[in-house]
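User: I have a model open on my screen and would like to understand the words used to describe it. Could you take me through them?

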Amino acid sequence: MSFAQPLPSPGLASGRRRPKNLPSLPPSAFSPLSTGTSDMFPLPPTPIALFPGEVIDAHLRSEALESAGLDLAGTEVVGAVLLLNNLSMPEGLQSSLTQNVRVLAVAAPFELSATPSDYADHSESSGIPQSLYTSYVASHEAPEARSQAIETLKWAFSNSRLVDIDVQSDVMSNVAKYEVFEDLLMKATTDLPGDRKVPIVLSNILPPPHDLSLPIVKLLADPSYRNYQAHSASLSLFPNLYVKFTPPMWNQTIPGPADPTSEMDQHREWKRKIKMFIGPVLEAFGYERIIFGTSPSFAAPSLSNPADWYALVRESFAELAVEQDAIDAIFSLNAKRIYGSP
């Protein structure tokens with residue numbers, strides 16, 4: 001019986017008694033990556049390093065100005081959009097609140113339930129641009145009330161350069177409610193005289209009302225969140241529609257800075273939820289149509305410390321790896337573009 005001869009070991013065949021010399025590696029293999037290569041793969045920004053160049057508070061109640069002011073933990077606030085309590089311009093209001101903070105615009109209230117034919121523009125005497133704001137509530141979903149709301153919005157779009165709508169109905173998670181709201185926007189924005197394209201700004205939908213007890217894992221599969229994603233995409237098809245990033249109606253006090261010693265820090269928990277709601281809006285609208293503000297819906301009390309809200313929003317965007325130009329747009333440039341003087 002014959003056996004196959006084993007293959008010779010590498011380096012020992014043909015009488016070779018020493019292993020074959022291995023090729024030597026060039027010195028560049030042990031050098032750090034070149035600057036050009038590292039520039040092609042930059043590290044994402046960190047929450048510690050990414051700050052807006054300046055901040056405009058584009059949703060500030062006039063009463064909140066007296067109680068909380070414009071201190072956002074050392075960040076420079078250069079302007080504000082004031083939401084007035086009535087049609088009258090506050091006595092003594094100037095175009096600059098302080099030496100460094102100017103009033104970008106004031107927003108006067110009007111009701112969707114009545115035709116506001118006697119609403120006057122008070123901005124001429126003060127030199128401050130004026131827009132309008134209103135609240136959309138569940139009672140506006142009834143057919144008769146909806147018809148009146150459509151006519152009122154048509155009037156507003158024809159006579160104002162911008163309209164803020166505080167959405168107090170659960171349109172983002174409820175399909176039937178959303179369809180009624182979308183129909184209202186569509187009918188109110190068609191056939192405007194002179195083909196006027198007036199900016200519309202929605203608040204209280206980013207983030208929307210939410211039950212904080214619902215874990216993120218369950219939220220992902222919940223029908224309300226899937227509806228939120230779909231409705232965000234649908235709203236973005238209105239080309240002149242913007243979304244304000246304002247404090248949510250979550251029935252809890254907004255937490256302060258994170259505590260590194262706490263395993264269940266509320267600041268981190270809020271950020272996780274906030275980032276879940278940022279994603280669909282950022283994907284649908286882009287950062288060019290998101291605006292920062294510190295006052296919550298008029299159905300909720302004012303904030304005691306707006307700096308806590310600012311910290312949550314800034315860190316959430318930074319952790320989503322958005323770039324500096326997006327941060328600057330969301331916190332100031334977008335507001336300047338649509339609220340500035342026409």
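Analyst: Happy to; we will go through confidence, the sheet, and then the helix pairs.

User: How do you know how far to trust the chain?

Analyst: This is a predicted model, and its mean pLDDT is 82, with 73% of the residues at 70 or more. Two stretches call for care: pLDDT stays under 50 over residues 9-15 and also over residues 28-38. For residues 9-15 the model has 6 contacts beyond four places in sequence, and for residues 28-38 it has 1.

User: What makes β1 and β8 the edges of the sheet?

Analyst: The open sheet has 8 strands in the order β1-β2-β3-β4-β5-β6-β7-β8, with parallel pairing. β1 (55-61) and β8 (290-292) each have a single partner strand, so one side of each has no neighbour in the sheet. Neighbouring strands are turned by 30 degrees against each other on average, direction ignored.

User: How do you know that β3 and β4 are paired?

Analyst: Pairing needs at least two bridges, and 4 bridges join β3 (residues 102-109) to β4 (residues 130-136). The two strands therefore count as a pair, and they run parallel. As a place to look, A108 stands opposite L132 in β4.

User: Which strands do helices α4 and α8 lie on?

Analyst: α4 lies across β4, β5 (163-167) and β6 (200-206), and runs at about 145 degrees to β5. Helix α8 (residues 266-285) packs on the sheet too, touching β6, β7 (241-245) and β8; its direction makes about 160 degrees with that of β7.

User: Why are α9 and α10 called roughly antiparallel?

Analyst: Helix α9 (residues 306-319) packs on helix α10 (residues 324-339) at an angle of about 150 degrees, with the axes 10 Å apart. Angles over 145 degrees count as roughly antiparallel, so α9 is roughly antiparallel to α10. The crossing is right-handed. In the contact, Y310, V313, R314 and F317 of α9 meet I327, I330 and F331 of α10. By class, these residues divide into 6 nonpolar, no polar and 1 charged. Arg counts as charged, and R314 is one of the α9 residues here.

User: Why are α4 and α5 called oblique?

Analyst: Helix α4 (residues 143-159) and helix α5 (residues 175-188) pack at about 40 degrees, with their axes 9 Å apart. Roughly parallel would need an angle under 35 degrees, and roughly perpendicular starts at 65. The pair is therefore oblique. α4 passes α5 in a right-handed crossing.

User: Which residues bring α4 and α5 together, and how do they divide by class?

Analyst: From α4 come R146, A149, I150, L153, K154 and F157, which meet V180, D183, L184, K187 and A188 in α5. They divide into 7 nonpolar, no polar and 4 charged.

User: What makes α5 and α7 roughly parallel?

Analyst: α5 and helix α7 (residues 223-235) pack at an angle of about 10 degrees, with axes 11 Å apart. Under 35 degrees counts as roughly parallel, so α5 is roughly parallel to α7. Here V175, Y178, F181, E182 and L185 in α5 meet N227, H231, S234 and L235 in α7. This contact has 5 nonpolar, 3 polar and 1 charged residues.

Key
Residues numbered from 1 in each chain as written. Predicted model: local features only at pLDDT ≥ 70, side-chain atom pairs only at ≥ 80, totals over all residues. Heavy atoms only, no water. Axes fitted to C-alpha atoms, helices over the stretch in contact; angles between N-to-C directions. Parallel < 35°, antiparallel > 145°, perpendicular 65-115°, else oblique. Left-handed = near helix turned anticlockwise from the far one by under 90°. Contact = heavy atoms within 4.5 Å. pLDDT = per-residue confidence, 0-100.
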